[in-house]
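Let's practise reading aromatic rings and surfaces in a protein model. Take each exercise slowly, and try it yourself before you look at the solution.

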Amino acid sequence: MKKKHVNARLICQVSAAAALVLAGNAMAADAFSSDSKWMTGDWGGERTKLIEQGIDIKADYVGEMGANLHGGYDDDKTGRYSDQFGLGVALDLQKLWGWDNTQAKIQLTNRNGYNISNDRVGDPRAGTLSSSQEVYGRGHMVRLTQLWIQHQFFDNKLDVKAGYFGEGEDFNTFPCDFQNLAFCGSQVGNWATNIWYNWPVSQAAIRVKYNINDELYAQIGAYNQNPSQLEHGNGFKLSGSGTKGTVLPVELVWSPKVNSLPGEYRVGYYKSTADADDVREDVNGFDAATTGDAYKTHSSKSGYWFVAQQQLTSHNGDATRGLNIAANATFHDKDTNFIDNYQSVMFVYKGPFDARPKDDVGIGAARIHVNDDVKKNAELLNVSNGVSDYDNPVFSPIRETEYNYEINYGFHVTNWLTVRPNLQYITHPGGVDEVDNALVAGLKIQSTF
């Protein structure tokens, strides 16, 4: 009897503890709960059930505000807001239909708003090279951003993905926790002029990855280069009309542990098979700005990149906290590309305070260099037009190097909401020395519904 009594009491204690855990989980799953992964909660448990069945519904929002505090081309103080809504679904087809090692994804995006870089920071004749609001761009419209299926072969050694998606999903990938474009996402897509389309634009594509070992893999892809997909109203275009060529990226990715801390190192190369105009020479090899003849056409353009991310420290033994460093560099064809090289470095400390273990603080610096032939072409164009005064509307601004800096603090308000105030400083916006350096105050809001 005594033993039965002890067992009964133990069962009651375990049951009570389990009830408390379940109650806590139920509370965490409520809409607007700070512990929930989603703003709208777990829908009474239905969302978790869907995930267990292979259906993971994705809904998110990114909003960014930028205000020019000082400098820029137009120092009339104002603010601009841009945002993006995302809605999609990730499918585990093994759970759904018994298709072993197969996944699929559908994603829609909708962007809206205005960009302070366009309105105030840059000279309208030259613009800026980076952007103080990275979420701006590619039109105020709904786009089909992802429509793909993915399958793993040979005990997951070989991974094949096909459908509609962008290069930056798999190649030259990089997180997007900063607000300035120079520190956010795939940088090749920002500087490889008119060939590599980043989120939210999709292209017909295939990517093949081979896992060499647990830390190293190689991959190659083929992406339809179709400028018509950038046009307003073509967000759901699936036909190949307007195709100019194919972008072929190849990449080697190494993900080691250094002192038990994670890192990732990427080196890659891309080639576009589409015709590309020379940035300076005409069809006869002379300066097109002087002769007025058509620019020489090249049969392709290419470039390469390097990305490094490494966690350097942990915080009191907690590997989810600590100092991280990241660096990016891209190099591009000097005959055909407007930007010939770019470099950046970023430091992010995750969990800087014990009272705020999920917050982070970041600082970054980036250099974007305009091709010297682009500069020379503008100089010759001004001579040809007989203008030398920067304030003359006909004057073509001389562009060289733009520098971007950002410092930010990410408040992890809840598991579904991060608010990231930031300050940005842009030196020589657009690479134009005559434009005053600009100080921009930003605010980035990231939420998962």
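**Exercise 1.** Which residue lies over the face of Tyr390, and at what distance from the ring centre?

*Solution.* This is a predicted model. Start at the ring of Tyr390: Arg125 lies over its face, 4.7 Å from the ring centre. Now try a second charge of this kind. The ring of Tyr217 has the charged end of Lys209 over it, at 4.5 Å from the centre.

**Exercise 2.** Classify the ring pair formed by Trp196 and Trp305, then say where each partner sits.

*Solution.* Two values are needed: a pair of aromatic rings is described by the distance of the centres and the angle of the planes. The structure holds 15 aromatic pairs. In the pair of Trp196 and Trp305, the centres are 5.5 Å apart and the planes stand at 80°, so the pair is edge-to-face, given that angles over 60 degrees count as such. Next, place the partners: Trp196 is in the loop between α5 (188-191) and β6 (203-211), while Trp305 is in strand β13 (residues 301-311). The pair links distant parts of the chain, with the two positions 109 residues apart. Finally, check the burial: both Trp196 and Trp305 are buried.

**Exercise 3.** Do the same for Tyr390 and Phe395: what is the geometry of the pair, and are the residues buried or exposed?

*Solution.* The ring centres of Tyr390 and Phe395 are 5.9 Å apart and the planes meet at 70°, so this pair is edge-to-face. For burial, compare each relative accessible area with the cut-off of 20%. Tyr390 has 12%, so Tyr390 is buried. Phe395 has 8%, so Phe395 is buried too.

**Exercise 4.** Which residues do ring pairs link into a cluster with Phe165?

*Solution.* Follow the ring pairs: they join Phe165, Phe171 and Tyr223 into a cluster.

**Exercise 5.** Describe the surroundings of Tyr304.

*Solution.* First locate Tyr304, which lies in strand β13. Its relative accessible area is 46%, so Tyr304 is partly exposed. Leaving out residues up to four places away in sequence, its contacts include Gly268, Tyr269, Tyr270 and Phe331.

**Exercise 6.** Which residues make the nonpolar surface patch of about 480 Å²?

*Solution.* The patch is made by Leu69, Val345, Phe347, Ile363, Ile407 and Leu423. Pick one member to look at: Ile407 lies in strand β17 (residues 401-414). With a relative accessible area of 45%, Ile407 is partly exposed.

Technical notes:
Residues are numbered from 1 along each chain as its sequence is written. This is a predicted model: local features need pLDDT of at least 70, side-chain atom pairs count only at pLDDT 80 or more; totals for chains, interfaces and linings use all residues. Side-chain values use heavy atoms; hydrogens and water are left out. Rings of Phe, Tyr and Trp (its six-membered ring) pair if their centres lie within 6.5 Å; planes under 30 degrees apart count as stacked, over 60 as edge-to-face and the rest as tilted. Helices (H or I, at least four residues) and strands (E, at least two) are DSSP runs, numbered from the N terminus. Buried means under 20% relative accessible area, exposed over 50%, partly exposed in between (1.4 Å probe, protein chains only). A charge sits over a ring if NZ of Lys or CZ of Arg is within 6 Å of the ring centre and within 35 degrees of the ring normal. Contact means heavy atoms within 4.5 Å. Patches are made of residues with over 30% relative accessible area and no salt bridge: like charges are joined within 9 Å, nonpolar side chains (Val, Leu, Ile, Met, Phe, Trp, Tyr) within 5 Å. Accessible areas come from the Shrake-Rupley method with a 1.4 Å probe; for residues, only the protein chains shown count as cover. A salt bridge is a side-chain nitrogen of Lys or Arg within 4 Å of a carboxyl oxygen of Asp or Glu.
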